[in-house]
Amino acid sequence: MLAPGSTIGILGGGQLGRMMAMSALQLGYKVIGFAPEGDNVAAAACSDFITADWDDTAALSDFAACCDVVTWEFENVPLGTVAALPQTLLACPSRALEVAQDRLNEKAFATSLGGTPAPYARIETEDDLSAALVRVGTPGILKTARDGYDGKGQWRVRSALEASGVRFPGVTCIYEGFVTYETEFSVILVRGADGSVKFWDSTANLHDGGMLTQSILPAGAMVEAQVPQARDLAAKVAESLGYVGVLTLEFFATREGPVFNEMAPRVHNSGHWTIEGAATSQFENHIRAICGLPLGGTATRFGSIEMRNIVGEDALRAHAILAEPGEPHLHLYGKREAREGRKMGHVTRVGHAIR
Ligand code: AMP
């Protein structure tokens with residue numbers, strides 16, 4: 001066990017790191033962050049924050065010297081950065097990042113453990129793309145294999161007619177058949193170093209333009225029926241990676257069963273509701289897991305819960321949001337610029353308490 005008072009290092013400086021750091025502080029840990037120049041909103045919750053490029057080995061060794069354990073809040077931390085750290089500091093094997101950083105890898109990995117992704121093809125050339133548009137068919141989505149998030153690096157191909165206008169973007173891509181689904185949902189689990197696993201309830205997740213807008217509980221009968229199979233896959237993924245901490249898998253609930261979309265080796269936007277809505281939040285349990293503390297219960301405490309993201313200039317409406325009915329819990333991430341399409345915060349409303 002890593003005793004409170006020790007220092008947790010977090011790679012990445014976004015809102016997930018900020019909320020993780022807030023939980024770490026509550027448990028009496030110190031936090032040091034590391035990320036390249038940017039709007040590193042986690043820094044406000046860290047006792048120290050190193051701003052340096054991911055390949056700055058001198059800065060990384062200064063960071064490592066301060067840490068008793070290292071975790072990440074961002075799945076695209078370069079593998080070279082993680083490899084440059086003393087491996088004994090890592091709370092979780094870096095293989096989790098390696099798998100999750102590449103959509104082709106994560107789909108192959110989930111398939112090898114019994115998961116079902118959408119039909120897909122690897123795209124390295126213009127010819128691969130032409131063949132995939134025929135073999136996988138339309139509608140579909142072309143996505144860069146790496147570095148995409150919140151719907152960025154994605155191009156929808158609605159029809160065969162549209163397919164003729166699609167060009168290979170010059171980097172390795174995946175072309176996926178478009179899944180007809182009832183609801184999207186995620187499985188979020190926490191796994192301790194001793195291999196024990198706990199799941200939070202799965203919310204129904206609504207997206208707009210590829211970005212999560214809302215997470216809702218209860219998630220509905222179809223999701224509830226498919227959660228056991230989805231959890232089974234998530235537990236196998238966690239186990240086979242030797243995972244420690246919070247892990248998220250995203251699914252489409254279809255008439256044919258859960259279709260695996262992607263995994264995130266970290267706390268997740270669709271788990272923000274757990275701060276007010278669950279016995280223990282995803283952030284606190286992540287910290288407990290990486291420090292070897294007993295995991296907290298994950299039970300949902302209310303009969304209905306809604307988490308909504310605050311995007312762009314919506315963040316300037318704090319007064320109006322807090323005046324809305326239903327005792328909204330507002331979380332703002334302290335980002336400098338309320339750019340369009342940027343996640344600035346979230347608001348959670350909980351319904352009647354479960355006895
Ligand atoms: P991703 O970055 O892969 O999670 O994609 C972002 C969002 O785009 C998903 O949450 C879905 O709303 C949508 N999406 C992505 N891939 C597919 C697909 N193959 N079929 C249908 N919708 C998709």
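A residue is called buried when its relative accessible area is under 20%, exposed when this area is over 50%, and partly exposed in between. The structure treated in these exercises is a predicted model.

**Exercise 1.** Decide whether R349 is buried, partly exposed or exposed, and describe its salt bridge with E306.

*Solution.* Begin with the accessibility: R349 has a relative accessible area of 16%, and because buried means under 20%, R349 is buried. Next, look at the contact, in which the closest N and O atoms of R349 and E306 are 3.6 Å apart. This pair links distant parts of the chain, since R349 belongs to strand β17 (residues 343-350) and E306 to strand β15 (residues 305-311), with their positions 43 residues apart in the numbering.

**Exercise 2.** Find out how R317 and E324 are paired, and which residues belong to the network that includes them.

*Solution.* The first step is the pair, for R317 and E324 form a salt bridge whose closest N and O atoms lie 3.9 Å apart. The second step is the network: salt bridges with shared partners join E306, R308, D314, R317, E324 and R349. The third step is accessibility, where R317 is partly exposed at 36%, and E324, at 22%, is also counted as partly exposed.

**Exercise 3.** Classify the two partners of the salt bridge between R122 and E124 by their accessibility.

*Solution.* The side chains of R122 and E124 meet with an N to O distance of 3.1 Å. R122 has a relative accessible area of 46% and is therefore partly exposed, and E124, with 37%, is partly exposed as well. By the rule used here, the count of salt bridges comes to 20.

**Exercise 4.** Locate the cis peptide bonds that precede P139 and P218.

*Solution.* Take P139 to start with: the bond joining T138 to P139 is cis, with omega about 0°, and P139 lies in the loop between α6 (126-135) and β6 (140-144). Then turn to P218, where the peptide bond from L217 is cis with omega near -5°, and the place of P218 is the loop between β12 (211-217) and α8 (221-241).

**Exercise 5.** Describe the backbone angle phi of E327 and the surroundings of this residue.

*Solution.* Phi of E327 is near 45°, which is a positive value in a residue other than glycine. E327 sits in the loop between α11 (318-322) and β16 (329-332), and because its relative accessible area is 64%, E327 is exposed.

Methods:
Residues are numbered from 1 along each chain as its sequence is written. This is a predicted model: local features need pLDDT of at least 70, side-chain atom pairs count only at pLDDT 80 or more; totals for chains, interfaces and linings use all residues. Side-chain values use heavy atoms; hydrogens and water are left out. Helices (H or I, at least four residues) and strands (E, at least two) are DSSP runs, numbered from the N terminus. Buried means under 20% relative accessible area, exposed over 50%, partly exposed in between (1.4 Å probe, protein chains only). A salt bridge is a side-chain nitrogen of Lys or Arg within 4 Å of a carboxyl oxygen of Asp or Glu.
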